[in-house]
Amino acid sequence: MDKETIGLACDHAGFELMQYVRTYLADRGIPVRDFGTHSAESVDYPDFGHALGRAIDSGELSRGIAICGSGLGISIVLNKYQGVRAALCWTSEIARLAREHNDANVLVLPGRFMNTDVAAAAIDEFLTSTFAGGRHARRVAKIPIAE
């Protein structure tokens, strides 16, 4: 499994699952950069999504994991950044396809709708799957908005 630093971001609804994710990665020797939140107190997901999105878009980090209640809100925020391809994944197969077909660089998990076993399987696929390239590269190249 790749040991590069993984950026983490969550809101209050994703805090509990993120605690698990942080430990899961640490147990595998994978370093993290935690953009918060750091409690279950109500916060606004854009604050944390933007912090992770900026770090990936600038090249400071190459991958991340983000969690909010449904996974939708933080995905929307992250995907505002040209260099981010955030994929909401609720199974390990979708996480694998997000990497292989879309070259996703942020795994987004729905904190209120996912247990730790499914999260672990999705993380493993996200971290070990590689971009297939080929016809998918042509499609991914069309994602950024031309300036």
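Where is the place of Asp 103? Keep that one in mind while we set the ground rules. This is a predicted model, so to speak: local features need pLDDT of at least 70, side-chain atom pairs count only at pLDDT 80 or more, and totals for chains, interfaces and linings use all residues. Numbering starts from 1 along each chain as its sequence is written, and side-chain values use heavy atoms, with hydrogens and water left out.

**Exercise 1. Place Asp 103 and look at its backbone.**

Step 1: Asp 103 sits in the loop between helix H4 (92-102) and S5. Helices (H or I, at least four residues) and strands (E, at least two) are DSSP runs, numbered from the N terminus.
Step 2: its phi is near 50°, a positive value in a residue other than glycine.

**Exercise 2. Work out the strand order of the sheet and how helices pack on it.**

Step 1: the sheet is open, with 5 strands in the order S2-S1-S3-S5-S4 and parallel pairing. Two strands pair if DSSP finds at least two bridges between them.
Step 2: find the edges. Strand S2 (32-34) and strand S4 (86-88) each pair on one side only.
Step 3: from one strand to the next, the twist averages 20°. Axes here are lines fitted to C-alpha atoms, for helices over the stretch in contact, and angles run from 0 to 180 degrees between N-to-C directions.
Step 4: zoom in on one pair. S4 and strand S5 (residues 106-110) run parallel, joined by 3 bridges, and Ala 87 stands opposite Leu 107 in S5.
Step 5: add the helices. Helix H1 (residues 15-27) packs on the sheet and touches strand S1 (6-10), S2, strand S3 (63-68) and S5; contact means heavy atoms within 4.5 Å. The direction of H1 makes about 165° with that of S1. Helix H5 (residues 116-128) also packs on the sheet, touching S1, S3 and S5, at about 170° to the direction of S5.

**Exercise 3. Is Asp 11 buried or exposed, and what does it touch?**

Step 1: Asp 11 is in the loop between S1 and H1.
Step 2: Asp 11 counts as buried because its relative accessibility is 4%; buried means under 20% relative accessible area, exposed over 50%, partly exposed in between (1.4 Å probe, protein chains only).
Step 3: leaving aside neighbours within four places in sequence, its contacts include Thr 37, Val 43 and Tyr 45.
Step 4: follow Thr 37 to the loop between S2 and helix H2 (45-57). The peptide bond from Gly 36 to Thr 37 is cis, with omega near 10°.
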